[in-house]
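Trainee: Could you walk me through this model, one piece at a time?
Mentor: Gladly; have a look at it here and then ask away.

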Amino acid sequence: MTTDLTVRAAVPDDAAGIARVHIQAWRESYAHLLPAEVLAGLQQAPREARWDAIIAAATADIWVACAGTGIVGWASAGAGRDDNGPRPRELEGIYVLASHYGSGAGQMLLDAAVGDGGAYLWIAEDNPRAFAFYRRNGFVPDGATAEHELAGTPVRIRRMVR
């Protein structure tokens, strides 16, 4: 594993790398939540087009973690997608490739995306690694739960706040 890990704001040329990480991270993290055929069917082009649009819209802050010049993780945060959110800032997503677990990339992305201030996020209930990460960073479940679709599959989610 490389030690030249950096985090920077995403630029339009990053859409392909973010999409690649998004797909691979889902396959690595959600194999127990989503059917294998759903994960196998995730496609680069639609995900890349979506990231092009997200970056161009500039309604959220997007950060990328890079090992050398390659993207190995990303995070997005913004004003919150929930009506009456419990905090002014929502961590909308954060993913790091399994090959970079423990490298500090996740922490660097979290710090860039929400700093140490108040924030909230939604997390799949059956995601113990992520729960432990967020707890170490001061997030606690606030009791709110919902059902969310990931690639057409219903998944129970829980809100965490700090």
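What follows is a set of questions and answers on the sheet, the helices, the core and the salt bridges.

Trainee: What should I know about the model before I begin?
Mentor: This is a predicted model, in which local features need pLDDT of at least 70 and side-chain atom pairs count only at pLDDT 80 or more, while totals for chains, interfaces and linings use all residues. Residues are numbered from 1 along each chain as its sequence is written, and side-chain values use heavy atoms, with hydrogens and water left out.

Trainee: In what order do the seven strands of the open sheet lie?
Mentor: Strands here are DSSP runs of E with at least two residues, and helices are runs of H or I with at least four, both numbered from the N terminus. Two strands pair if DSSP finds at least two bridges between them. The pairing in this open sheet is mixed, and the order is β1-β2-β3-β4-β5-β7-β6.

Trainee: Which strands are the edge strands?
Mentor: Look for strands that pair on one side only. Those two are β1 and β6 (140–150).

Trainee: By what angle are neighbouring strands of this sheet turned against each other on average?
Mentor: Axes are lines fitted to C-alpha atoms, for helices over the stretch in contact, and angles run from 0 to 180 degrees between N-to-C directions. For this average, direction is ignored, and the value is 25°.

Trainee: Which residue in β2 stands opposite Val7?
Mentor: β1 and β2 pair in the antiparallel sense, over five bridges. The residue opposite Val7 is Ala65.

Trainee: Which strands does α4 touch as it packs on the sheet?
Mentor: Contact means heavy atoms within 4.5 Å. The direction of α4 makes about 160° with that of β4. The strands touched by α4 are β1, β2, β3 and β4.

Trainee: How wide is the arc that the buried residues of α4 cover around the axis?
Mentor: Buried means under 20% relative accessible area, exposed means over 50%, and partly exposed lies in between (1.4 Å probe, protein chains only). The buried residues of α4 (105–114) are Ala105, Gly106, Leu109, Leu110, Ala113 and Val114. The arc is taken from the directions from the helix axis to the C-beta atoms. These residues sit on the same side of α4, because their arc is only 130°.

Trainee: Why do residues three or four places apart point the same way in an α-helix?
Mentor: It comes down to the turn of the helix. The number behind it is 3.6 residues a turn.

Trainee: Which helix gives the most to the largest nonpolar core?
Mentor: A nonpolar core is a set of buried Ala, Val, Leu, Ile, Met, Phe, Trp, Tyr and Cys residues joined through side-chain atoms within 4.5 Å. The largest one has 49 residues, and Trp26 and Leu110 are among those with the most contacts inside it. With seven residues, the top contributor is α1.

Trainee: Which strand does α1 run at about 90° to?
Mentor: Helix α1 covers residues 15–29 and lies across β2, β3, β4 and β6. The strand that makes the angle of about 90° with α1 is β3.

Trainee: Is Ile23 buried or exposed?
Mentor: Ile23 lies in helix α1. Leaving out residues up to four places away in sequence, Ile23 touches Leu42, Gln43, Gln44 and Arg47. At 6% relative accessibility, Ile23 counts as buried.

Trainee: How many salt bridges does the structure hold?
Mentor: A salt bridge is a side-chain nitrogen of Lys or Arg within 4 Å of a carboxyl oxygen of Asp or Glu. One of them joins Asp61 and Arg89 at 2.6 Å, N to O. That pair links strand β2 with the loop between β3 and β4, 28 residues apart. The total is five.

Trainee: Is Glu90 buried or exposed?
Mentor: Glu90 forms a salt bridge with Arg81, with the closest N and O atoms 2.7 Å apart. Arg81 is exposed, with a relative accessible area of 54%. At 0% relative accessibility, Glu90 counts as buried.

Trainee: Which strands hold Arg159 and Asp142?
Mentor: These two form a salt bridge, the closest N and O atoms of Arg159 and Asp142 being 2.8 Å apart. The pair ties together parts 17 residues apart in sequence, since Arg159 and Asp142 lie respectively in β7 (153–161) and β6.
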